[in-house]
Amino acid sequence: MGTRPLLERHRAVMPSWMNLYYEDPIELVRGEGRHVFDGEGRRYLDFFGGLLATMVGHDIPEITEAIREQAGRILHTSTLYLVRRQVELAERIAAASGIPDAKVFFVNSGTEAVETALLLATQYRRSNQVLALRGSYHGRSFGTVAATGIRGWSATSLSPLNVTYVHSGYRLRSPFRGLDDAAYVAACKEELRTIIETATAGDVACLIAEPVQGAGGFATPPPSFFAEMKSVLDEYGILFVSDEVQTGFGRTGAAYFGIQAFGVRPDAMAFAKGVANGVAMGGVVARGDLMDCLGANSISTAGGNPLACAAAVATLDVIRDRDLQANADRVGARLRDGLRRIAADHACVAEVRGMGLMIGVEIVTPGTTRPDTALVARILEECRSRGLLIGRGGLLGNVLRVTPPMTVTEEEADEALRILTDVMEEIAAMAAV
Ligand SMILES: Cc1ncc(COP(=O)(O)O)c(C=O)c1O
């Protein structure tokens, strides 16, 4: 059957902990706009965008052409030589960051980007103490796993860092959940101060946070959350690092970096995933004095290579030239409204949340907050069989993640909503018999 032989070969040589979606995993062989095609020619609407890295869609002519043109000239030179596109890209990211005297260092993944930000912050402050939010995901290396607050993604407790977790903006499962926005934020702020005063040695290097928690199921804090938390950090001279690996470059809508929607200027930001529309690239943008604080050489051999930079410049051009941030706001609102209409008819939906094109739908046993992961798996399978790919995540693995490329149209959003409505209705009808 179809992918069976490839699946067996995959299982023989790939790690057991590298999960595949679906009982019958899919091999995607081609993409076009917001659609992908499997080896048997089946077409799917791609509303997970390769884990949010396919930022603006598949086979976008401007990006394909930029990559082809660069590949025909030179693939790699190393940063021992000047890389024009890298400088151009750094200038654009530094300017958009709003960070004064910003400098940029390019790497190849989100993990490396966060690792770099943590290296800078801990070196600058001469402290290995880090604060992170509960429900965070920051990567798969020793340092980033250590700052990851989701059990399912914490492969080891060994750590170069001394991490303490503080309250996040994920209200549904918080003991503060009954509070309104202002009271909730005040409680989180108070807890942050208490943690700094009582659970650390005081000289904390930084707090690292995702503006909207990605793997955490798109948990989205109240608008004043980060400004209030930062006001406490400022009292202690603690740096603030925003992990923009999922939220960067307009995915959350009007804000170019997710944290800007919260009116906060961080000391450093890590980015990756969508910046080059899926071509491997990551980086850190930081205050100049913070970036320059390392007293030894540091290098990333392929970081910011000409090919990745060409893809990134073309991707950022597409976001700007096609006004995709406005599209993310418009289509994102349409999707959230539609999903809330579905939620009104189905008690298994505890919450629809998110910003722009990062939308989470939390699935529970009706009348409780008990996660229903089996139902999530079923919804994913049923969507797939009707030609819609979505993701899953969440602290407890019970959140649907709906996050299409930023070029998504209203018609495609409506098609996805129709499929999700049918799936939920069919599942409800089966449960009733
Ligand atoms: C917020 C966040 N930070 C860091 C990472 C790590 O990125 P990568 O998988 O490119 O190493 C991810 C990946 O999902 C992420 O979502």
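**Exercise 1. Place strand β9 among its neighbours and say which way its side chains point.**

Solution.

Step 1. Strand β8 (residues 239-243) and β9 run parallel and are joined by three bridges. The model is a predicted one. Within this pairing, Val241 is found opposite Ala268 of β9.

Step 2. Strand β10 (residues 282-286) pairs with β9 in the antiparallel sense, over four bridges. Here Met269 faces Val285 in β10.

Step 3. Now take the side chains of β9 (residues 268-271). Ala268 and Ala270 point one way, while Met269 and Phe271 point the other way. Are these residues buried or exposed? All of them are buried.

**Exercise 2. Classify Asp267 by its accessibility and list its polar partners.**

Solution.

Step 1. Locate the residue: Asp267 sits in the loop between β8 and β9.

Step 2. The cut-off for buried is under 20% relative accessible area. Asp267 counts as buried because its relative accessibility is 11%.

Step 3. Look for polar partners. The backbone nitrogen of Phe240 is reached by the side chain of Asp267 at 2.8 Å. The side chains of Asp267 and Arg287 are joined by a polar contact of 2.7 Å.

Step 4. Add the other neighbours. Leaving out residues up to four places away in sequence, Asp267 touches Ile99, Leu239, Phe240, Val285, Ala286, Arg287 and Leu290.

**Exercise 3. Describe the surroundings of the ligand, then the loop residue Lys273.**

Solution.

Step 1. Which residues are around the ligand? They are Ser109, Gly110, Thr111, Tyr137, His138, Gly139, Glu210, Asp243, Val245, Gln246 and Lys273. By class, this shell holds two nonpolar, six polar and three charged residues.

Step 2. Pick out contacts to oxygen atoms of the ligand. Gly110 places a backbone N or O atom 2.8 Å from a ligand oxygen atom. Gln246 has a polar side-chain atom 2.8 Å from an oxygen atom of the ligand, and a polar side-chain atom of Lys273 also lies 2.8 Å from a ligand oxygen atom.

Step 3. Ask how much of the ligand is covered. Taken alone, the ligand exposes 390 Å², and the protein buries 83% of that.

Step 4. Turn to Lys273, which is located in the loop between β9 and β10. Lys273 counts as partly exposed because its relative accessibility is 24%. Its phi is positive, about 40 degrees, although Lys273 is not a glycine. Most residues other than glycine have a negative phi.

**Exercise 4. Compare the settings of Asp101 and Thr315.**

Solution.

Step 1. Asp101 has its place in the loop between α4 (84-97) and β4 (103-107). Thr315 belongs to helix α10 (residues 306-321).

Step 2. Is Asp101 buried or exposed? The cut-off for exposed is over 50% relative accessible area. Asp101 has a relative accessible area of 67%, so Asp101 is exposed.

Step 3. Thr315 has a relative accessible area of 0%, so Thr315 is buried. Apart from residues up to four places away in sequence, Thr315 touches Val56, Ile63, Gly274, Val275, Ala276 and Asn277.

Step 4. Check the backbone of Asp101. Although Asp101 is not a glycine, it has a positive phi of about 50 degrees.

Note on methods. Residues are numbered from 1 along each chain as its sequence is written. This is a predicted model: local features need pLDDT of at least 70, side-chain atom pairs count only at pLDDT 80 or more; totals for chains, interfaces and linings use all residues. Side-chain values use heavy atoms; hydrogens and water are left out. A residue is near a molecule or strand if one of its heavy atoms lies within 4 Å of it. A polar contact is a pair of N or O atoms within 3.5 Å; within protein, one must be able to donate a hydrogen and the other to accept it, and residues adjacent in sequence count only if both atoms are side-chain atoms. Accessible areas come from the Shrake-Rupley method with a 1.4 Å probe; for residues, only the protein chains shown count as cover. Ala, Val, Leu, Ile, Met, Phe, Trp, Tyr, Cys and Pro count as nonpolar, Asp, Glu, Lys and Arg as charged, and the others, Gly among them, as polar. Buried means under 20% relative accessible area, exposed over 50%, partly exposed in between (1.4 Å probe, protein chains only). Helices (H or I, at least four residues) and strands (E, at least two) are DSSP runs, numbered from the N terminus. Two strands pair if DSSP finds at least two bridges between them. Contact means heavy atoms within 4.5 Å.
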